[in-house]
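Before you set up any calculation on this model, I would like to share a few remarks on how its central strands are arranged and on what lines the ligand site.

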Amino acid sequence: MQEPRPVPGLDIFARRKREGQPLVVLTAYDLTSALIGRDGGADALLVGDSLGMVMLGHETTLPVTLDDMVHHCRAVQRARTGLPVIADLPYGAFHVDATETARAGLRLVKEAGVHAVKLEGGRQRAGAIAALLDAEIPVMGHLGLTPQSVNRFGGYRVQGRGAAAQARLLDDAAFLAGAGCFAIVLECVPAALAARVTAAVGVPTIGIGAGPGCDGQVLVFHDLLGLLPGPAPRFVKRYADLGRQAAAAVSAFAAEVRQRRFPGAEHSYADGEPAAAGDEPGDAGAGMAPGPDVTGGSAAGGSAAGGTAQG
Ligand code: KIV
């Protein structure tokens, strides 16, 4: 029998809070983003239902289905990053009854290999959280600007402003921690409120638009890398401008094809030459270090290790 792989530990969340070391969480939606997250040093990957917007082109996260989540989570898992993978329960998967919620969580664990799920909401999620924990599925909470509540909020607005809203959010956070959530995402709330929540609850808070007082931070992959055009919300820091760089690369390719400058002799095969490295479509190309099980190129010749497409 093969040596079992170590299970990626969610205990990193509690450990980091105890040690006062910030947690770094990144969204991932497929093999490429998962490998980049791993190679960039993320502590955990979140397959967020933001994939509905950044991968599937929906205007909100509401249309995302459980099948969509399973599909993308499986792609992330195939990267075998060794990192904990947390999956969003999509809108509708935990709003009807606890049995349905547990079944949704079980699908994500059994079919897609995720280690935990995240759901949006506070006290009203008591039954859903209990059902998931009962099914041995660790749960991450999510408070503040919960995007699945966009219709109730009337848009994407900062939450937790004013004494009543602050008291409600503090109460919900204490409830989620008490109910057994291993961490809580705080999205778009005033920094001072997020810091109060962080000091008050025993589980780590992961902020997005919630200031520096959280135990960790999460950003959406496409936002951090500047992959999509258009303005970003204030809480996003773009660490790269890859969308523009990628378009420039495609434009260089297009120009070279039209000028018949690509492919050159160095990208073409000759008959009768001895085989050389890079000749076979399955040879790993240049690029990031491959994951343990993704070294081979695809049948079409594109290497999961970052090699360029070959014919
Ligand atoms: O869906 C998502 O990506 C999220 C994060 C932004 C926290 O919920």
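The points below go from the strands to the core and then to the ligand.

1. Please keep in mind throughout that this is a predicted model. The strand I would look at is β3, residues 85-88, which is covered on both faces, with V85 and A87 buried on one side and I86 and D88 buried on the other. In a regular strand, side chains alternate between the two faces of the sheet.

2. On one pairing, β3 joins strand β2 (residues 44-47) in the parallel sense over 3 bridges, and within this pairing L45 has V85 as its bridge partner. β3 also pairs with strand β4 (residues 116-118), again in the parallel sense and over 3 bridges, where A87 stands opposite V117.

3. The connection between β3 and β4 involves helix α5 (residues 98-112), and the three elements together form a right-handed β-α-β unit.

4. The largest nonpolar core comprises 70 residues, and L45, V47, C73, A87, V114, V117 and I184 are those with the most contacts inside it. For A87, once neighbours within four places in sequence are set aside, the contacts are V47, M69, C73, L108, A112, V114 and V117.

5. Which residues surround the ligand? They are T27, L46, G48, D49, S50, D88, V185, E187, I208, V218 and V220, and this shell divides into 5 nonpolar, 3 polar and 3 charged residues. D88 deserves a second look, since D88 is listed in the ligand shell and is also one of the buried residues of β3.

Key
Residues numbered from 1 in each chain as written. Predicted model: local features only at pLDDT ≥ 70, side-chain atom pairs only at ≥ 80, totals over all residues. Near = placed C-beta within 6 Å. Nonpolar A, V, L, I, M, F, W, Y, C, P; charged D, E, K, R; others polar. Core = buried A, V, L, I, M, F, W, Y, C linked by C-beta atoms within 7 Å. Buried ≥ 20, exposed ≤ 12 C-beta atoms within 10 Å, placed from the backbone. Contact = placed C-beta atoms within 7 Å. Helix = DSSP H or I, 4+ residues; strand = E, 2+ residues; numbered from the N terminus. Pairing = 2+ DSSP bridges. Right-handed = clockwise from strand over helix to strand, strands pointing away.
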